[in-house]
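Colleague: I've only just opened this one and I'm a bit lost. Please pick the first chain for a close look, and then show me what lies beyond it in the other one.

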Amino acid sequence: MTEKFIVGIIVSNHFGVLNRVAGLYAKRGYNIDSLAVGETEDPAYSRMTIVSTGDEYMRSQVLEQLNKLHDVKMVVLLDSETAVSIEHMLVKLKLGKESKTTISELINSYAGNVMDFGEDFITAEISGASEKLERFIEQAREIGILEVCRSGLISVKQGI
Amino acid sequence: MYLTAITTCVNFINMKITGADILIKELMRQGVDTVFGYPGGYVIDIYDELYKNADNIRHILPASEQGAAFAANAYARITDKPSVVLATGGPGATNLVTGIAAAYLDSVAVIFITGNVSVPMLGQDSFQDIDIVGCTLPIVKHSYIVKDICHLQWIIAEAFQIANTGRKGPVHIDIPKNVQQGTYDYDPNLKLSEPAKRHSDLSALDKAVSLIEKSKRPYIYSGGGVTATNTGDLIIKLSEMTGAPIGMSLMGIGSVPASYYNNLGMSGMFGTEAAVTAMREADLIIALGVRFSDRATGSAGKFAENTSVIHIDIDPAEIGKNIQPDVCLCGDLRDILPALLEKLSDMQLSIDEKKQTRISESPRSDNLTPQNIISAVNGHYDENTVVTTDVGQHQMWVAQNYRFEKPKTLLSSGGLGAMGYGLGAGVGASLAHGGKRTVLFTGDGSFLMNLSELKTAVTHKLPITIILFNNGTLGMVRQMQTLSFDKHYSSTTLENNTDYPALAKAFGAAGCTVNNITELKDALEKAPLDRPYLIECKIDIDEIVETS
């Protein structure tokens, strides 16, 4: 059965590691839905959260092959139901059709923040589950989207 | 991160030395006695150090970097230690790519060292500036660009550790010119922290034992992992206790002696009928140190549909990659096999004598058929003689017909199937055995790819007997064209009039053409001790490799 799955990996924080990890997916023709990477509390290591879609075979291959990379220090498969996950998004909206108030209300209803604005645009920040971000995008289409920039999901295991 | 890899840094030499000097000192400390390499502008500093250290490290100059890679591949397999290849940047480095891939797919520990432009010039498309680490990312076990000389020594040490730990493989180190020329301390006592050892997982041992004991017709499938770990004697014990016949993958040939009565030979697409039949009829396949390549299984979906499979391998990523086993034991065969044998009760199944195949020990006639040629050569040399092959029909004929008694006496490019492997490998094999006689079986197609390595063999006075199957065609492809493409021999006929013995002589080697087995035997007797000897055997263009 094909489904989305989230892999969290700790890698050495140096050049070329991203290539190795991404190359491993590419080698087998696996698509990466999203990939987020940033330094951990120890600057020697980075953490990547990679979301992709595949069956059980692909999942186990990805995990085992990742484990073989020398720069990969830890690999965890995160349960998408229970993992603590969040995604950030910046959306630049066109002002015109709708009033500023309507747009502000929409952003507020998603607990978003206005990060930048001008006479003819508003840039909003929305965070939350990927589905929430997608719902916002759908609603914002009617207003007019100039640009969308999503961070990709970041995830940690539930509990300790 | 870099610092975490090092536990102690004591006893520094007070004088700072160059990066090139650090490299050579560290290679010597790692026990390297031979470097296969080709000079160039971006490794000239390293070559200067090699010049000064010529008494400690022997340098073998091939005709091309690819030849160096194949020679080092054979050298590593035979000496069971990582071997070293050195090449300059740009074309020197890209010429290594096939050799790196060959080492990767056959799990051979080779350290590939390349020079490159200085760090500030990386990526500026300067003369001979290539992102060789980028080029080779999917075909190395690990790789480094040394951007700072302070990391150089531990990177070299770590490269040896990685290449030689667990499932072996190639490690590549790219050293920019300014790092070779810079100066830093050298620590003669540098110690890396021990790699986190993945212990052999014996948790499914009972399940494996129970599957084996329930089985009526078990079959042992022995692969490159058995060759690499020299565990053939344990495989024989397993065969004795269970009655299971043994079949081998190409990389497994030699892991169990051909003369062992329960050894059925190679299995897979070009396997012996006995091995293929035994595997097909088995109710349990005990697969050891194999990766179930498509050449061994055919269509993976249909392979072993109604058969149980126990898969034992050191690489967890191989378990379930091609074939989903019923039971897996992941780890080193040297740990797992003794544990398995200890738990197993003696099943004493009767061995079906009919299944045994016997390869003809002497030629059946005086005709130059591939089988007769191999048989005659086999009869001439002792069981310790290393045989290398190129890739194609002759490779399969050798795999099917030569009786290999010892592990690592057959060296072939199994995974990559790189034509042109054999002569370079012959050079490496002969050097690893102190300049001893080595046999190369090759075809005219393969030989034409890297025949320039004759030069290397002549320089080092290596007695390589080259058995050249000349059928005037790229036989393996022709065979497929015959069977599946209505005999459309598209670009497979080699319309050349190359005089191969004369070619050998031109290189300073010797050679002859033989017309029958009697002449072949005479020629083998005459093969000189101090240079290669090419024996051209003209065979029929339509000889085919039997498939089972």
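Modeller: Happy to. Take the contacts inside chain A between residues at least 6 apart in sequence: 74% of them join residues at least 24 apart. Keep in mind that this is a predicted model.

Let's get an overview of chain A before the details. How many helices and strands does chain A have? There are 4 helices and 9 strands, and walking along the sequence you meet them in the pattern β-α-β-β-α-β-β-α-β-β-α-β-β. The C-alpha trace of chain A spans about 55 × 40 × 35 Å along its principal axes. Of the 160 residues in chain A, 24% are buried.

Now look at strand E1 of chain A, residues 3-12, which has two partners worth following. With strand E3 of chain A, residues 45-54, E1(A) runs antiparallel, and 10 bridges join the two. If you want a spot to click on, Ile6(A) stands opposite Val51(A) in E3(A). E1(A) is also joined to strand E4 of chain A, residues 72-78, this time by 6 bridges and again running antiparallel. On that side, Gly8(A) has Val76(A) in E4(A) as its bridge partner.

Where does chain A meet its neighbour? The contact takes 17 residues from chain A and 11 residues from chain B. On the chain A side, the elements that give two or more residues are helix H1 (17-27) and helix H2 (56-68) of chain A. H2(A) supplies the largest share of that side, 6 residues. What kind of residues make up the side of chain A that touches chain B: nonpolar, polar or charged? The split is 2 nonpolar, 11 polar and 4 charged.

Stepping over into chain B, there's a helix pair to look at. Helix H1 (residues 19-29) of chain B packs with helix H7 (residues 152-164) of chain B at an angle of about 30°, their axes 9 Å apart. That angle falls under 35 degrees, so H1(B) is roughly parallel to H7(B). The crossing of H1(B) past H7(B) is right-handed. From H1(B) the contact uses Gly19(B), Ile22(B), Leu23(B) and Glu26(B), while H7(B) brings Leu152(B), Gln153(B), Ile156(B) and Ala157(B). By class, that makes 5 nonpolar, 2 polar and 1 charged residues.

Further along chain B there's an open sheet of 6 strands, in the order E13-E12-E11-E14-E15-E16, with parallel pairing. Its edges are strand E13 (263-266) and strand E16 (327-330) of chain B, each pairing on one side only. From one strand to the next, the twist averages 15°. Between strand E12 (residues 246-248) of chain B and E13(B) there are 2 bridges, and the two run parallel. Met248(B) has Met266(B) in E13(B) as its bridge partner. Packed on this sheet is helix H12 (residues 273-281) of chain B, which touches strand E11 (218-222), E12, E13 and strand E14 (284-288) of chain B. The direction of H12(B) makes about 105° with that of E13(B).

A single residue to try is Val209(B), which belongs to helix H9 (residues 205-214) of chain B. Is Val209(B) buried or partly exposed? Val209(B) has 19 C-beta neighbours inside 10 Å, so it counts as partly exposed; buried would need 20 or more. Leaving out residues up to four places away in sequence, Val209(B) touches Leu340(B), Lys343(B) and Leu344(B).

Last, a second open sheet in chain B: 6 strands with parallel pairing, in the order E18-E17-E19-E20-E22-E21. Strand E18 (410-411) and strand E21 (510-514) of chain B are the edge strands, each pairing on one side only. Strand E20 (residues 464-470) and strand E22 (residues 533-538) of chain B pair in the parallel sense over 6 bridges, and Ile466(B) has Leu534(B) in E22(B) as its bridge partner. Helix H16 (residues 393-401) of chain B packs on the sheet and touches strand E17 (386-389), strand E19 (438-443) and E20 of chain B, with its direction at about 130° to that of E19(B). Helix H17 (residues 421-432) of chain B lies across E17, E18, E19 and E20 of chain B and runs at about 175° to E19(B).

How values were computed: Residues are numbered from 1 along each chain as its sequence is written. Chains are lettered from A and ligands numbered from 1 in the order in which they are written. This is a predicted model: local features need pLDDT of at least 70, side-chain atom pairs count only at pLDDT 80 or more; totals for chains, interfaces and linings use all residues. Two residues are in contact if their C-beta atoms, placed from the backbone, lie within 7 Å. Ala, Val, Leu, Ile, Met, Phe, Trp, Tyr, Cys and Pro count as nonpolar, Asp, Glu, Lys and Arg as charged, and the others, Gly among them, as polar. Axes are lines fitted to C-alpha atoms, for helices over the stretch in contact, and angles run from 0 to 180 degrees between N-to-C directions. Angles under 35 degrees count as roughly parallel, over 145 as roughly antiparallel, 65 to 115 as roughly perpendicular and the rest as oblique. A crossing is left-handed if the near helix is turned anticlockwise from the far one by less than a right angle, and right-handed if clockwise. A residue is buried if 20 or more other C-beta atoms lie within 10 Å of its own, exposed if 12 or fewer, and partly exposed in between; C-beta atoms are placed from the backbone. Two strands pair if DSSP finds at least two bridges between them.
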